[in-house]
Every structure is written in structure tokens, then in C-alpha cells.
Number of protein chains: 2
Amino acid sequence: MQLANILTELVSAGEYLPGSRLPSESKLCKRYGVSPMTVHRSIKALLDVGIVNTIKGSGTYVKAPGLKGVTFDLEEFHSIFRDKKHIKVNVLDAIIVKADKTTANRLAINEGDRTVLLKRVLVRDGDPIIYHKEKLIYDPYLPIMEAELEVTSLHGLFVGGGETRLKRGDLTIEAIALNEEEANKLNTVLHQPAFCLEHIFYDFDDRPLSWGRFICRGDRFKFKTSVGVPARVSPSA
Amino acid sequence: MQLANILTELVSAGEYLPGSRLPSESKLCKRYGVSPMTVHRSIKALLDVGIVNTIKGSGTYVKAPGLKGVTFDLEEFHSIFRDKKHIKVNVLDAIIVKADKTTANRLAINEGDRTVLLKRVLVRDGDPIIYHKEKLIYDPYLPIMEAELEVTSLHGLFVGGGETRLKRGDLTIEAIALNEEEANKLNTVLHQPAFCLEHIFYDFDDRPLSWGRFICRGDRFKFKTSVGVPARVSPSA
DNA sequence: AAGTGGTCTAGACCACTAT
DNA sequence: TAGTGGTCTAGACCACTTT
């Protein structure tokens, strides 16, 4: 919406300072010659990107930027998987193992039940940067296709391609120090700091289907984001 | 919006599987007896939370959950600052220092220019969990108020309270290993894994005003999030 | 050509806040 | 009581995709 961008630029220019009130929606209607609905949707757009607050019955106020509403996305993480020219996925293991205690807990199965264990390393220009370890519920009707275990299926974890049985997933991210196995797979030193991105995906019966961890070398990853007034709130001109 | 929640529940129940198309907006109008605008806004809500895709001229499709659109917020981080019962802020330093090379670079000033250095430790129940180090552009007209340096001002960094000169900020998050000073301040061991949340805030002339780092013990922090169909898309019943 | 999402209008009523 | 944001209607036109 054009009006949303106009308002964004006014805020960005300091025309409306943090804490101050924007003109009321009805005034904006008259000033810009648009209907109430259009004004409201414009302001909703500013609300969504977090540059204003609205208080019913009172007004719309410019927010001061703070750490509160900040979010980090995994775009940089994802972009790595798209860059197929420099990225190679090595499948280290694709075997059937019996679930240990932790795995049984995460996948809501019994200790000793069979699971499919996958170990993959993501290599960029000969440099191993991500170690992925995943355990899947063993399903005898779904044979393991080695070919499917390479870039495509890791890429699928991101874009959600093909798999229609998944309903939702839980993610956690931690700062860890690499253990011996991880350091070895990532060709670096013991205790190297790293991100651990853990994921569990559930089917439509809320049963866990997979549990895994991305171990990412801390010296290769940095997540960036920003707060406050963006250049533009919507893609149009 | 009620319709948005109805549709969310239908998707959640597996009525519309990932990849499949939702009924067209005009059909939803008839089926639920609401106007086109209302239907469109409902679907916009699903779009915003990332459970559907819309393709102009084609239809609205249910997304499979993937890591792509995942975002982590700092809510858990923020909640710590609100919990004033168990949280104490110790100001270790509040002095004027000359900028070193890195500081000069980040704050876009000259090496040797004066800056205000703040060092604070956030203690929860006697347990130091966050070490905050910040450098501010020195402004002789803004005297340092010791009282302001405690919880309130750290809290202000989050909610953006009071400060009306700030327009935007850049944030990065890294996995690091504590150096000697940090380990000492956080009462833990050298090389302990940790999150480093770095922030730079800019004024309306795009000049940096402050640069700082939150060092958070990795064994005290875990960021969580989820993807896929949420319980409810809007707060109403 | 028919159907789809994207956008907009010019009103309306409501719940809430301020005075 | 007047003003504010929140929601909704019943149409309309457009750009786009599909058949």
C-alpha cells in the first residue's frame, strides 16, 4: 500500500517522533482522499512491522525501537542450502538403530524401538560448516532412499517440500561447545563454540516423526536483524 | 477474526492438507455468509502467520511446515528483565573512556574520542547470567545518572521507553566462548559457550548513538519457537 | 472466457478513551 | 459527549492464471 509507505517515510524522516500520536484515521482519510478501510489497512501494515502501537479509543502512537519485538529469522541459514554451486552434502550414515533414552523421549516411543539415524555434513567449498544428525520414526513402508538424503531432502526441511504429513514443529536454539565427535565431523577443535538448532516435527496426530540437530560452527554463522523503521513496509512502489 | 480461526482449525485438523488448495475467496463468502473483504482479511491473517501461500490468479495453498520462515524472538530474554523480584542489576562501571579502534568504527567517530562506557551484570537469585557492556557517544549535555543505569535503563533498551531520539537499530547474534574477563564477571569458567547479542542504535540522522553487547551464559539460555499451524491465529474467541 | 487473489470505496455500527 | 481505533458490508475493478 502506498499510504503505508508514505507514513513509514514520515516516521523515518522524524516527522512523527517516537511516543507521539499519528493523525487519526478519519483525518488521514480526508488528507489523502481515501476510504476508512484503506487507511485502517495501511496502519495495520505499520502495526505488523512494529513501528506503531494502536490503542483503541485513544490513537496510534509511534513506537521507540527496542529489543522487545526483535526477531531473528533463519534466512542466512536457508540461503546456504540454496547455493548449490558451492554446497555439497555428504551422507555419513543412514542406518537403522535402536532408540536410546533421549531419542525415545523426544520421539515419544519406547527405548529400543527402531529408528532411522541420519548423519550428514554440509560442506561449503571444501569447508564443513554444518553437521546434521537426525532420527526418524522407522516406517517399514517408507524405504530409505539414499538419493533422497542429499541436498534435496535437507532443502525440503526448509521449504517444506513434498512432505504433506507434517503439521507443526518445535525449534530450539542453543549456544554450545563442540564435543569430540562434532569437532571431528566439522574438522575443527574441541570446545569450539557453535549453534545447536534442534528440531522436532509432528504429524497431524501430534506424534513426533523426526528429531534432529543442526550443529553450526560459531565462527561461520552470525544471525542479523534490525529494529525500528524499515526502508519500506510493503514491496510496491 | 472468527473466520481466520475457523480456517486455522480446519487446517490443523487436517481438513486441508499441506499443498492442497483452500476454497476460493468467493466460495468462502457464500459458505460463511460474509463479504469478500472480510474473507480476504481472514486469509491475510493466515498468510501473516505463514500457514498458507497465496498465488494471484490461482488460489490459496496450505504450506508444509519448514525451517524457512522460522523466527526466534527475544521474549524469553525480555521476560528476565520484567521479573524484578528475582533480578538485580549491578553497575560495575560507568566511566568516560577514549574510543579504541573497534568502538570508533562502530560508533562512526574518531579513535580517541570520548565515550561513556557502561558495564553491568544482571543477577538472578545470586546467579550472574548476563554481562552487558555498552559504549555511548559522550554528550556533555546529558550527565550520567547512576540511578538511571539500573534495571530501568536496561529495561528501556527493550521496550524503548523514554528515549525518543532513536530511529533504528542493528542486531547480530553469535555463538562465542567466554574470554577471561567475561567468565570472571559471569562467575563461570573460561571458554564457557555463550550467546553474544550485539546492538547498535541510530538516531534520526542515522548516526550511531550506542553500541553494546549482551553476553549470555549458554547454559542459562535457550531460545524456543515453533512452525506450522498455531493453536489460534488471532486473540479473539 | 472463467475463475482467482489484490485492492478499493463509502458508508455503517461498535467498544473504548478522553474531556 | 465527542473522538478514536476495530470491524464489517456489498458492491466494484484490476492483473493474473487456468482451461
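**Close-up views of two protein chains and two DNA strands**

**View 1. Side chains and backbone atoms of the protein meet DNA strand D.** In this predicted model, an N or O atom in the side chain of Ser24(A) is 3.2 Å from a phosphate oxygen of DNA strand D. The other protein chain also takes part, since a side-chain N or O atom of Thr38(B) is 2.4 Å from a phosphate oxygen of DNA strand D. A base of the strand is reached as well: a base nitrogen of DNA strand D lies 2.9 Å from a backbone N or O atom of Gly57(A).

**View 2. The surroundings of DNA strand D are drawn from chain A and chain B.** There are 24 residues around DNA strand D, and the closest are Glu25(A), His40(A), Gly57(A), Ser35(B) and Thr38(B). Of the atoms of DNA strand D that come within 4 Å of the protein, 73% belong to sugar and phosphate. The elements of chain A that give two or more residues to this surface are helix 2 (25–32), helix 3 (36–48), strand 1 (52–55) and strand 2 (59–62), and they are joined by helix 3 of chain B. Helix 3 of chain B provides the largest share, 4 residues. When the residues of this surface are sorted by class, 6 are nonpolar, 13 are polar and 5 are charged.

**View 3. Residues of chain B approach phosphate oxygens of DNA strand C.** A backbone N or O atom of Glu25(B) lies 2.7 Å from a phosphate oxygen of DNA strand C. Side chains contribute too, with a polar side-chain atom of Ser26(B) 3.4 Å from a phosphate oxygen of DNA strand C, and a polar side-chain atom of His40(B) 3.5 Å from a phosphate oxygen of that strand. The elements giving two or more residues to the surface near DNA strand C are helix 2 (25–32), helix 3, strand 1 (52–55) and strand 2 (59–62) of chain B, together with helix 3 of chain A.

**View 4. DNA strand C has 25 residues around it.** The nearest of these residues are Met1(A), Ser35(A), Thr38(A), Glu25(B) and His40(B). Helix 3 of chain A gives the most to this surface, with 4 residues. Sugar or phosphate accounts for 75% of the atoms of DNA strand C within 4 Å of the protein, and bases make up the rest. The surface near DNA strand C has 6 nonpolar, 13 polar and 6 charged residues.

**View 5. Chain A and chain B touch each other through 57 residues from each chain.** The area buried between the two chains is about 4,900 Å², and carbon and sulfur atoms give 66% of this area. Leu67(B), Lys68(B) and Phe72(B) supply 15% of the area that chain B buries against chain A, which is more than any other three residues. Between the chains there are 15 residue pairs in polar contact, while 0 salt bridges are found across the interface. Strand 7 of chain B gives the largest share of the side of chain B that touches chain A, 12 residues. The residues on that side of chain B comprise 31 nonpolar, 14 polar and 12 charged.

**View 6. A strand of chain A pairs with a strand of chain B.** Strand 7 of chain A (residues 166–177) and strand 10 of chain B run antiparallel and are joined by 6 bridges. Within this pairing, Gly169(A) has Val227(B) in strand 10 of chain B as its bridge partner.

Note on methods
Residues are numbered from 1 along each chain as its sequence is written. Chains are lettered from A and ligands numbered from 1 in the order in which they are written. This is a predicted model: local features need pLDDT of at least 70, side-chain atom pairs count only at pLDDT 80 or more; totals for chains, interfaces and linings use all residues. Side-chain values use heavy atoms; hydrogens and water are left out. Contact means heavy atoms within 4.5 Å. Buried area is the accessible area (1.4 Å probe) that two parts lose on being put together, summed over both. A salt bridge is a side-chain nitrogen of Lys or Arg within 4 Å of a carboxyl oxygen of Asp or Glu. A polar contact is a pair of N or O atoms within 3.5 Å; within protein, one must be able to donate a hydrogen and the other to accept it, and residues adjacent in sequence count only if both atoms are side-chain atoms. Ala, Val, Leu, Ile, Met, Phe, Trp, Tyr, Cys and Pro count as nonpolar, Asp, Glu, Lys and Arg as charged, and the others, Gly among them, as polar. Two strands pair if DSSP finds at least two bridges between them. A residue is near a molecule or strand if one of its heavy atoms lies within 4 Å of it.
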